[in-house]
Protein chains: 2
Amino acid sequence: MPTPKDLQQSGLKATMPRMKILEIFENRRDEHLTADDVYRILVTSGLDIGLATVYRALTQFEQAGLLQKQNFESGKAVFELNRGEHHDHLVCLQCDRVVEFCDPEIEKKQSEIAAKLGFKIQAHDLCLYAECVDAACPHRPSKKTL
Amino acid sequence: MPTPKDLQQSGLKATMPRMKILEIFENRRDEHLTADDVYRILVTSGLDIGLATVYRALTQFEQAGLLQKQNFESGKAVFELNRGEHHDHLVCLQCDRVVEFCDPEIEKKQSEIAAKLGFKIQAHDLCLYAECVDAACPHRPSKKTL
DNA sequence: CTTGTTGCAAATATTTTGCACCCAT
DNA sequence: ATGGGTGCAAAATATTTGCAACAAG
C-alpha cells in the first residue's frame, strides 16, 4: 500500500493509475514484471488504464528510483521494486524462475577491474542462466493473474 | 577472409550474402555490431542484401557458434565474432566504447553461488557500465562505414 | 485555474515470417 | 534438378509519441 508521498517526493502527482501500478509492485516484492504483465494485471482487476500509461509510469518510477529495470535475454524489459540493496539475478532456464543474490567479493572485483582499465563503475548487470540441479524444478509455471 | 568451409561445417551453404556478412565480422574482430549496422555496411559497400537475410544469417551464425550475441541495455542485440575464449564487457557511458575482460575469480565465484542455490550455470552475462577516468575518452566516436 | 496526466490511436523500432524466385551443390 | 537460400513486403512485438480531454494541487 503506497502513500501519495512516495510519488510526490519525486515530483509526480499521486494519480490513481500511478498508485495502482506502484501497489502491484509492492504486492509482489520479488517478482519481475514486464509492462504487459502490469497492464494485464490492471485489466484483470477491472481497472481501465492504458498500456501507454503503464509504460510512462514504469519509466518515471525507474527514474525516480522507485523501480529497477532489467533486460534479461527475453527481449522485453522487466521491472521490480527497488529495495535499496543491490542484487544480481539468476534465471532458471527451465522454468524462468528468478533468484536474487549478491556477492560482495564479485562486486569488489568488478570495481578493481574497471579501475585497472581506467573506468569508474556507475552500474552493472550480472545475470546467470542456469539449470535446476534437483528435479523439483517447477517447469514453466502458470502466469500471474492478480 | 572466411572460407566456404567455415559455413559448410555448420550445414550452411556458402552463399554470397553469408560469406560477406561473416567477412564483416572477421574484419572487425573487436567491434559489436547490430543487425542494422551490418546491413548498412553491406549497402554502403554496394551489396544488395536484404535486412531479413542479415537477421537470418546472424541467427544461424550464432547457433553455429560462429558469432556471439549480446543484449546490452540499448534494446538492440549486438553480435561479435566468437573467438573461443569467454569474456565479459564494460561499456563506456560516455562514448559507447566496449572493453572486454575476463576474470577467473569472478567466474569461479559465480559457479559457487549457483551451486549453493541449487543450479548449474549454463551461461552468464556480466556487463559493467562505467565512465572514463581520464579526459581522453573520445566521446561519441564516428560510426562504421566499411 | 494551470499544469501535469491520461487514453487512444498512430508512429517507431526491432525482429520475424510467407512466398515466389534463385542459386549452391 | 532440388532443396536450401534470398529479397520483398507484410506481420509480429515492444515501446514511444501527438493530441484533445481530464484531474490533482
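Hi everyone! Let me begin with a term: a polar contact is a pair of N or O atoms within 3.5 Å. With that in hand, look at R56(B), where a side-chain N or O atom is 3.4 Å from a base oxygen of DNA strand C. Please keep in mind that this is a predicted model.

Let's stay with DNA strand C. R56(A) reaches a base as well, with a polar side-chain atom 2.7 Å from a base nitrogen of this strand. T15(A) goes to the backbone of the DNA instead: an N or O atom of its side chain is 2.8 Å from a phosphate oxygen. Which elements give two or more residues to the surface near DNA strand C? They are α2 (16-26) and α4 (51-63) of chain A, together with α4 (51-63) of chain B. Of these, α4(B) gives the most, with four residues.

Around DNA strand C there are 20 residues, and R18(A), T53(A), Q8(B), Y55(B) and K76(B) come nearest. By class, nine are nonpolar, four polar and seven charged. On the DNA side, 67% of the strand C atoms within 4 Å of the protein belong to sugar or phosphate, and the rest belong to bases.

Now over to DNA strand D. Here 19 residues surround the strand, with Q8(A), K76(A), T15(B), R18(B) and T53(B) the closest. They divide into eight nonpolar, four polar and seven charged. The largest share comes from α4(A), which supplies four residues.

For the contacts, a side-chain N or O atom of R56(A) is 3.4 Å from a base oxygen of DNA strand D. K76(A) has a polar side-chain atom 3.3 Å from a phosphate oxygen of that strand. D48(B) uses a polar backbone atom, 3.0 Å from a phosphate oxygen of DNA strand D.

So how are the two protein chains arranged? A rotation of 179°, with 0.0 Å of shift along its axis, superposes chain B on chain A with an RMSD of 0.1 Å. The two copies are therefore related as by a two-fold rotation axis. In chain B, the residue closest to that axis is L126(B), its C-alpha at 2.2 Å. And 100% of the interface residues of chain B are also interface residues in chain A, so the copies meet through the same surface.

One last stop, in chain B: is D37(B) buried or exposed? This residue is found in helix α3 (residues 35-44). Its relative accessible area is 13%, and buried means under 20%, so D37(B) is buried. Thanks for listening!

Note on methods:
Residues are numbered from 1 along each chain as its sequence is written. Chains are lettered from A and ligands numbered from 1 in the order in which they are written. This is a predicted model: local features need pLDDT of at least 70, side-chain atom pairs count only at pLDDT 80 or more; totals for chains, interfaces and linings use all residues. Side-chain values use heavy atoms; hydrogens and water are left out. A residue is near a molecule or strand if one of its heavy atoms lies within 4 Å of it. A polar contact is a pair of N or O atoms within 3.5 Å; within protein, one must be able to donate a hydrogen and the other to accept it, and residues adjacent in sequence count only if both atoms are side-chain atoms. Ala, Val, Leu, Ile, Met, Phe, Trp, Tyr, Cys and Pro count as nonpolar, Asp, Glu, Lys and Arg as charged, and the others, Gly among them, as polar. Copies are superposed by least squares on the C-alpha atoms of residues with pLDDT of at least 70 in both. Contact means heavy atoms within 4.5 Å. Buried means under 20% relative accessible area, exposed over 50%, partly exposed in between (1.4 Å probe, protein chains only).
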